[in-house]
Amino acid sequence: MDEKTLSLLEDAAKKAAEKAYCPYSGYRVGAAVLAGSGKIYDGCNIENASYSLTMCAERTALFKAVSAGEREILAVCVYSDGGKLPYPCGACRQALSEFCNDAQITVTDGKERVTALLSELLPQCFR
């Protein structure tokens, strides 16, 4: 992916993090997915007092894209300035694998940026 597209994804993820609802952890996360159509969808983490009902930013963005009719995700960017890089959790990695063939996943805190393929983050995924 070119630097311009990655920069657009990172900006969208950063703006989405500002909308996060995280009264329990205080850890704001934003994500942006680049769909096969070229459109970018964003999402933020949404916490709940019943922790198992919390929704991660990655799945929020993914589900927005899929509910809009997208079926192919080309790249994902996850942003947080919460002090550690926001790698997707196992549930998000599995959900992404449904629509990302082997997408580029970038995690960033605005200072550091790490990029990996989904197959590197979720080897031997369940399909």
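A residue counts as exposed when its relative accessible area is over 50%, and as buried when that area is under 20%. Keep these cut-offs handy for the views below, which show a predicted model.

**View 1. Glu98, an exposed residue in the loop between H3 and S4.** Here we look at the stretch that links helix H3 to strand S4, where Glu98 is found. The relative accessibility of Glu98 is 59%, which is over the 50% cut-off, so this residue counts as exposed. Look also for Glu72, which is 26 residues away from Glu98 along the chain. The C-alpha atoms of Glu98 and Glu72 are separated by 8.9 Å.

**View 2. Helix H3 and its packing partners.** Helix H3 covers residues 90-97. Its buried residues are Cys92, Arg93, Ala95, Leu96 and Ser97. What do these buried residues pack against? Their partners are two helices, H2 (57-67) and H4 (118-121), together with two strands, S3 (73-79) and S4 (104-108).

**View 3. The largest pocket and its lining.** This pocket has a volume of about 270 Å³. It is lined by 17 residues, and those closest to its centre are Tyr27, Val29, Asn45, Thr54 and Cys56. Sorted by class, the lining consists of twelve nonpolar residues, three polar ones and two charged ones.

**View 4. Gln124, a residue with a positive phi.** Follow the chain past helix H4 and you will find Gln124 in the segment after it. Most residues other than glycine have a negative phi. For Gln124, phi is near 55°, a positive value. Is this residue buried or exposed? Gln124 has a relative accessible area of 83%, so it is exposed.

**View 5. The whole protein, to place the close-ups.** Four helices and five strands make up the pattern α-β-β-α-β-α-β-β-α, read along the sequence. Taken along the principal axes, the C-alpha atoms fill a box of roughly 35 × 30 × 30 Å. The radius of gyration is 13 Å, which agrees with the value near 14 Å for a compact globule of 127 residues. Of those 127 residues, 45% count as buried. Among contacts between residues at least 6 apart in sequence, 59% join residues at least 24 apart. On the outside, the protein exposes about 6,800 Å², and carbon and sulfur atoms supply 52% of that area.

Methods:
Residues are numbered from 1 along each chain as its sequence is written. This is a predicted model: local features need pLDDT of at least 70, side-chain atom pairs count only at pLDDT 80 or more; totals for chains, interfaces and linings use all residues. Side-chain values use heavy atoms; hydrogens and water are left out. On a 1 Å grid over the protein atoms alone, a cavity is a set of points where a 1.4 Å probe fits but cannot get out, and a pocket is an open set with protein on both sides within 12 Å along at least five of seven lines; lining residues have an atom within 4 Å of a point. Grid points are joined across faces, edges and corners, and a volume is the space filled by probe spheres set on the points. Ala, Val, Leu, Ile, Met, Phe, Trp, Tyr, Cys and Pro count as nonpolar, Asp, Glu, Lys and Arg as charged, and the others, Gly among them, as polar. Buried means under 20% relative accessible area, exposed over 50%, partly exposed in between (1.4 Å probe, protein chains only). Contact means heavy atoms within 4.5 Å. The radius of gyration is taken over C-alpha atoms; the globule rule is 2.2 Å times the number of residues to the power 0.38. Accessible areas come from the Shrake-Rupley method with a 1.4 Å probe; for residues, only the protein chains shown count as cover.
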